[in-house]
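Visitor: I am new to reading protein structures, and I would like to learn how the words people use are justified. Could you show me one and let me ask about it?

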Amino acid sequence: MVFDEADRIATIELEQDRDVVRARSRVADAMKECGSSELMQTRFVTAVSEVVRNALTHAGGGTLAIYAMPNKRQVGIECRDCGKGIEDIDAAMADGFTTRRGSMGRGLGGAKRLSKTFAIDSSPGKGTTVRMIGACSLR
Amino acid sequence: MPDKILETTLEVLKEDAEGILADWIEQADEDGAKRIDLFSEKEERDQAASLLRSFRLGVRDASKDGEFDLQDEHWADLRGILSEITHERVERGVLPGEMAALILALKTPLFERLTEKLESDPERLIEEVLLLSKAIDAFAIYSNEVFIAEREQVIERQRDEMMELSTPVVELWDKVLTLPLIGTLDSLRAQEVMESLLQAIVERQAEVVIVDITGVKTVDTQVAQHLLRTAAAVRLMGARCIISGISPKIAQTMVELGVDVGEVRTRSSLRSALMDALTSVGVAIRPINDDKRNAK
Ligand SMILES: Nc1ncnc2c1ncn2[C@@H]1O[C@H](COP(=O)(O)OP(=O)(O)O)[C@@H](O)[C@H]1O
Ligand SMILES: [Mg+2]
């Protein structure tokens, strides 16, 4: 998944809790602009919230870029961090897997189910990049 | 060539700074960019004068490389002043368009003087006017960006202030409490919410607590976890917890996330949660009959 053809509409530095709120409301706005239903908004915004929180809690911060996709009925995001990376992506995607005591371990799997397209790239010691596309309507 | 790119502009700025300043302010006034209700004549003039001064310094240094990039070192002074003035103006309630109009009004006096000076060299005139126009536009755009950033800061500050308002725990009936959550439930606030709720349970000897999330827009796994933990703590205190206000779209999303609410009772609306809570403390709400109503 590449966003070469897409229009980058916002970039948000993720440094503190409050940036998660900003990220969510910016993505919600982008979806509203492409005529999204409230349900689709809630779904994708929640997915974004998961990966953005992961960048904060597991990687100490990162950057979120938001894209309007060329067909205009979809919104894309890229959440990139330079944290410790993920050793075993398949394991991390599985529901219930967490390296953080008391955490649910359902964020990545949930984000994948709540988005239309989901791709994750990670190398231990270098960082993690998650790209997702959310559809503005079912179809 | 690049070393004399804004030569004439610089000359004009040096020769007739006072005249340009006066014409600029007059032009701004005509363009509706002056706010006599917010700034005195003197303040308006002082601000314009310092902008003009650092603009001249920028033109002097920047004319060396012929490119207009407001991020360049030459414009550091101007950026500083611009941020300062913009800040001042946001505080007093100037509109972004008015700020841009003020800056764009500088074109008129400068172009007039350039036209006079370069009467015999139309090519140069066009060149300078073009460049100068670009520079002033960049300058207006920059001020707009500062303006927006300033506004965002104001909004964020207000948001923080709102977040700090303590979350109210409301007593609906003897032994029945409700906690209406609004906005976001980040870790910090979740902690505060839990503390004040548990405190209230003890103080009011509550038996049922309704945590209402009608006002919470997003429930991700972290928020869900905070809610479930709160519910578990309430149970440990010997009270029952009902989570109400879970909209259909949030319910669907929680299912996709695979969040299991387990033993926690949930209700779609505060209303049904209230009925439920009252029943469990042995109270019912029912319509009073007509006789009683008429008797009043
Ligand atoms: N950006 C990231 N950087 C490093 N590790 C990550 C990142 N995102 C996820 N992980 C790893 O994947 C695991 C599962 O993530 P997730 O499904 O969101 O569950 P949780 O955040 O509750 O642990 C995390 O516990 C962590 O070890
Ligand atoms: Mg997570």
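Visitor: Which pocket does ligand 1 sit in?

Guide: Ligand 1 sits in the second largest pocket. Please keep in mind that this is a predicted model.

Visitor: What makes you say that ligand 1 "sits in" the pocket?

Guide: The phrase applies if more than half of a molecule's atoms lie within 2 Å of the pocket's grid points. Ligand 1 is assigned to the second largest pocket on that basis.

Visitor: Which residues come nearest to ligand 1?

Guide: There are 17 residues around ligand 1, and those that come nearest are A:Asn54, A:His58, A:Thr98, A:Thr99 and A:Ser103. Helix 2 (38–59) and helix 4 (107–114) of chain A each give at least two residues to this shell. The largest share, three residues, is supplied by helix 2 of chain A.

Visitor: Why is the pair of ligand 1 and A:Ser103 called a polar contact?

Guide: The cut-off for a pair of N or O atoms is 3.5 Å. An oxygen atom of ligand 1 is 2.6 Å from an N or O atom in the side chain of A:Ser103, so the pair is within the limit and counts as a polar contact. The side chain of A:His58 has an N or O atom 2.8 Å from an oxygen atom of ligand 1. For the side chain of A:Asp81, an N or O atom is 2.9 Å from a nitrogen atom of ligand 1.

Visitor: How much of ligand 1 does the protein bury?

Guide: On its own, ligand 1 exposes 530 Å², and the protein buries 95% of that.

Visitor: What does the secondary structure of chain A come to?

Guide: Chain A has four helices and five strands. Read from the N terminus, their order is β-α-α-β-β-α-α-β-β. Of the 139 residues in chain A, 53% are buried.

Visitor: How do you know that A:Lys32 and A:Asp29 meet in a salt bridge?

Guide: A salt bridge needs a side-chain nitrogen of Lys or Arg within 4 Å of a carboxyl oxygen of Asp or Glu. For A:Lys32 and A:Asp29 the N to O distance is 3.7 Å, so this pair passes the test. Both residues lie in helix 1 (residues 17–33) of chain A, three residues apart, or about one turn of the helix.

Visitor: Why is A:Lys32 called partly exposed?

Guide: Buried means under 20% relative accessible area and exposed means over 50%. A:Lys32 has 46%, so it falls in between. A:Asp29, at 34%, is partly exposed too.

Visitor: What makes the pair B:Lys117 and B:Glu11 tie parts of chain B together?

Guide: B:Lys117 lies in helix 6 (residues 107–117) and B:Glu11 in helix 1 (residues 7–15) of chain B, so their pairing links parts that are 106 residues apart in sequence. Their side chains form a salt bridge, with an N to O distance of 3.1 Å. B:Lys117 is partly exposed at 34% relative accessibility, and B:Glu11 is partly exposed at 34%.

Visitor: Are B:Glu128 and B:Arg124 buried or exposed?

Guide: Both B:Glu128 and B:Arg124 are buried, so each has a relative accessible area under 20%. These two residues form a salt bridge, with their closest N and O atoms 2.8 Å apart. Both lie in helix 7 (residues 122–164) of chain B, four residues apart.

Visitor: How many salt bridges are there over all chains?

Guide: A search of the whole structure finds 26.

Methods: Residues numbered from 1 in each chain as written. Chains lettered and ligands numbered in written order. Predicted model: local features only at pLDDT ≥ 70, side-chain atom pairs only at ≥ 80, totals over all residues. Heavy atoms only, no water. Buried < 20%, exposed > 50% of the residue type's maximum accessible area, 1.4 Å probe, protein only. Near = heavy atom within 4 Å. Polar contact = N/O pair within 3.5 Å; in protein donor to acceptor, adjacent residues only side chain to side chain. Areas by Shrake-Rupley, 256 points an atom, 1.4 Å probe, with all protein chains shown as cover. 1 Å grid on protein atoms, 1.4 Å probe; cavity = no way out; pocket = protein on both sides within 12 Å on 5 of 7 lines; lining within 4 Å.
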